Amino acid sequence: MNMFWASISSLVVGLLIGGGLGFYFTRRTFEKQMKENPPVSEKMIRAMFMQMGRKPSESQIRAVMKSMGQ
């Protein structure tokens, strides 16, 4: 009976440690990816419109940003 509780407690401790380490490394990797590849900005949308040969208005840029945010 004592061996049963020791195995259960070691399983719980292992899961907690693994979950904590997984969370830490996943968060660190996500932050690194966001720094290297930032999300689309208004400046990028303006450049995209200009490449298509159009001069975008502020309302068009806001509409694109709003649609991408959904």
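Colour the whole chain by burial to begin: buried residues make up 7% of the 70 residues, where buried means under 20% relative accessible area, exposed over 50%, and partly exposed in between, using a 1.4 Å probe and protein chains only. This is a predicted model, with local features needing pLDDT of at least 70, side-chain atom pairs counting only at pLDDT 80 or more, and totals for chains, interfaces and linings using all residues. Numbering starts from 1 along each chain as its sequence is written, and side-chain values use heavy atoms, with hydrogens and water left out.

Now switch on a surface. The chain exposes about 6,300 Å², and 67% of that is supplied by carbon and sulfur atoms; the areas come from the Shrake-Rupley method with a 1.4 Å probe, and for residues only the protein chains shown count as cover.

Go back to cartoon and zoom out. You should find 3 helices and 0 strands, where helices are DSSP runs of H or I with at least four residues, strands are E runs of at least two, and numbering goes from the N terminus. Along the chain, the order reads α-α-α from the N terminus on. The radius of gyration is 24 Å, well over the 11 Å that the globule rule gives for 70 residues, so the chain is more spread out than a compact globule. That radius is taken over C-alpha atoms, and the rule is 2.2 Å times the number of residues to the power 0.38. If you draw a box along the principal axes, the C-alpha atoms fill roughly 75 × 20 × 15 Å.

Next, select helix α1, residues 2-36, and pick out F4 in it. How exposed is F4? F4 is partly exposed, at 44% relative accessible area. Add W5, which is exposed at 51%.

Keep both side chains as sticks and look for ring pairs. There are 2 aromatic pairs by the rule used here: rings of Phe, Tyr and Trp (its six-membered ring) pair if their centres lie within 6.5 Å, with planes under 30 degrees apart stacked, over 60 edge-to-face and the rest tilted. F4 and W5 have ring centres 5.2 Å apart and planes at 70 degrees, so they pair edge-to-face. For the other stop, select Y24 and F25: their ring centres are 5.2 Å apart with planes at 70 degrees, so this pair is edge-to-face. Y24 is partly exposed at 43%, and F25 is partly exposed at 42%.
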